[in-house]
There are 2 protein chains.
Amino acid sequence: MSDRSSLSPAKLSLTALEGMPEVTAGMPLAPLIAAALERQALAPMSDDVLLVSQKIVSKSEGRFVDLAAVDVSARARDLAARCGKDPRLVEVILRESIEVVRCAPQVLIVRHRLGFVMANAGVDQSNVPGSAQWVLLLPQDPDGSAATLRRSLSAILGSSPSLIITDTFGRPWRSGVCGTAIGASGITTLLDRRGERDRSGRELKVTQVAIGDALAAAAALVMGEGAEGRPVVLARGLPAGLRHATARASDVLRPLAEDLFR
Amino acid sequence: MSDRSSLSPAKLSLTALEGMPEVTAGMPLAPLIAAALERQALAPMSDDVLLVSQKIVSKSEGRFVDLAAVDVSARARDLAARCGKDPRLVEVILRESIEVVRCAPQVLIVRHRLGFVMANAGVDQSNVPGSAQWVLLLPQDPDGSAATLRRSLSAILGSSPSLIITDTFGRPWRSGVCGTAIGASGITTLLDRRGERDRSGRELKVTQVAIGDALAAAAALVMGEGAEGRPVVLARGLPAGLRHATARASDVLRPLAEDLFR
């Protein structure tokens, strides 16, 4: 087999773009990102990865919902009483979801229609300008959004860095959120190392590495939360072998039949 | 409140140390790491973080078990039949565990006595030199190992970088493993951002960030798996505000009472 060791870089750097403006509905992201890159004299290469916060993608796509206009179903009202959340918010969460995985005080974990198991279906009340009535949904198709934004950026930049759309997810058993890849274009998100051997010549037991999620986790460290307003990060140092024409963030989703934690 | 935005760096770099030798039982790690740092002309500063693979810590601590010498209990035999694993390996896993969380074909997820919910209690059959009969356990006390190794390194280096011991964990619902912090000394592992406000002045809903796990995930990207043999990574760029005298990796463990996925 080929030299797979070249799939791990020996050095990786993550640089946040500064001065990104507040994004509003309909505002194209590619020119904003290209301008921020230019201000920092960063010329992305095709092996680089741009990591973009879900929030600005959703805002650009106008994924706002006015809670004041939401009719609450009986099911949402019942769940809201159990988890202590706003019934209108719970209604929006249910409309984004295909399954309620857990409902407990202050916790509503669902399987999003895109397949992600996550709190509140990713529906976000923070960093939405204007009334507290407005919430923000995930992009309609984050892998598609990543591909579209990547194409737009390539046209401006003249190079084709990969692109990952990130959100922050909680985890069972461990406190705190971690950055997670919800959309991707141009890069392997799940690296299959089956057949490789360790230094003792024994076949590796760990066969798949969540490259996209690890990059998202690293990027979230430099994005910060809230006040920083650094929703785009350039990751540099990844080997060309991780480029992938058709990989998607959804490659990482475990098939339902393998879900031991429904 | 103080300026918390300084808790996210705008730039972060991760550099793997090259040329680390195969570690054997009783071999002190601090001189090996210090020598590798010097070869790469890396002089760690106190705000830097050294991320060290669990495997070399366990090897240095001699945490090997010879499967040939393991007496298999009836319970291990029963579980082994259900998950299709070596009964002697299952016995070792059970001795390291306080609870079996899930058992299914090719899957044995337990709560390790240290509190981690993980596959196979972290018992590792790969990269153990010699016979396939030998397996490697997690360090007895990874937070303690991190503190001890950090002290030894400080004595050699003259500075006190933080230290995180990493392992790779699978996740429910998402395929692939991600680097995870199992031991830490000198750095905040769970950053509490309660009370901070977003750019719209609304209080942040996401209150805790798993800094240690995100750094471990990033470091695992440059460590690689298996053939690379790069078990130590230097992370640079973290703000001084993340230094913490008493934080431990175990801070991230969710209390049992909050576990919705037993």
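These legends accompany close-up views of a predicted model.

**View 1. The β4–β5 hairpin of chain A.**
Here we look at strand β4 (residues 97-104) and strand β5 (residues 107-112) of chain A, which run antiparallel and are joined by six bridges. To find your place along the pair, start at A:Arg102, whose bridge partner in β5(A) is A:Ile109. Two residues separate the strands of this hairpin. Look in the turn for A:Gln106, which has a positive phi of about 70°.

**View 2. Where the two domains of chain A meet.**
The domain assignment splits chain A into domain 1 (9-62 + 140-254) and domain 2 (64-135). Their C-alpha centres lie 26 Å apart. Domain 1 of chain A brings 12 residues to the contact, and domain 2 of chain A brings 11 residues. On the domain 1 side, strand β8 (residues 162-171) of chain A supplies the largest share, three residues. By class, that side of domain 1 has five nonpolar, four polar and three charged residues.

**View 3. Helices α1 and α5 of chain B.**
Two packed helices are described by the angle between their axes and the distance between the axes. For helix α1 (residues 29-39) and helix α5 (residues 142-157) of chain B, the axes come within 9 Å and cross at roughly 50°. An angle of 65 to 115 degrees would count as roughly perpendicular and one under 35 degrees as roughly parallel, so α1(B) and α5(B) are oblique to each other. Their crossing is right-handed. From α1(B), the residues B:Leu29, B:Ala30, B:Pro31, B:Ile33 and B:Ala34 take part in the contact. Facing them in α5(B) are B:Leu149, B:Ser152, B:Leu153, B:Ile156 and B:Leu157. This contact has nine nonpolar residues, one polar residue and no charged ones.

**View 4. The three-stranded sheet of chain B.**
Strands of a sheet pair through backbone hydrogen bonds, either parallel or antiparallel. In this open sheet of chain B the order is β4-β5-β6, with antiparallel pairing. At the edges sit β4 (97-104) and β6 (117-119) of chain B, each pairing on one side only. Neighbouring strands of the sheet are turned by 25° against each other on average, direction ignored.

**View 5. Helix α3 over the sheet strands of chain B.**
This view takes in β4(B) and strand β5 (residues 107-112) of chain B, an antiparallel pair with six bridges. A handy landmark is B:Ser97, whose bridge partner in β5(B) is B:His112. Across β4 and β5 of chain B lies helix α3 (residues 74-83), which runs at about 30° to β4(B).

Conventions. Residues are numbered from 1 along each chain as its sequence is written. Chains are lettered from A and ligands numbered from 1 in the order in which they are written. This is a predicted model: local features need pLDDT of at least 70, side-chain atom pairs count only at pLDDT 80 or more; totals for chains, interfaces and linings use all residues. Two strands pair if DSSP finds at least two bridges between them. Helices (H or I, at least four residues) and strands (E, at least two) are DSSP runs, numbered from the N terminus. Domain bounds come from an automatic or database domain assignment. Two residues are in contact if their C-beta atoms, placed from the backbone, lie within 7 Å. Ala, Val, Leu, Ile, Met, Phe, Trp, Tyr, Cys and Pro count as nonpolar, Asp, Glu, Lys and Arg as charged, and the others, Gly among them, as polar. Axes are lines fitted to C-alpha atoms, for helices over the stretch in contact, and angles run from 0 to 180 degrees between N-to-C directions. Angles under 35 degrees count as roughly parallel, over 145 as roughly antiparallel, 65 to 115 as roughly perpendicular and the rest as oblique. A crossing is left-handed if the near helix is turned anticlockwise from the far one by less than a right angle, and right-handed if clockwise.
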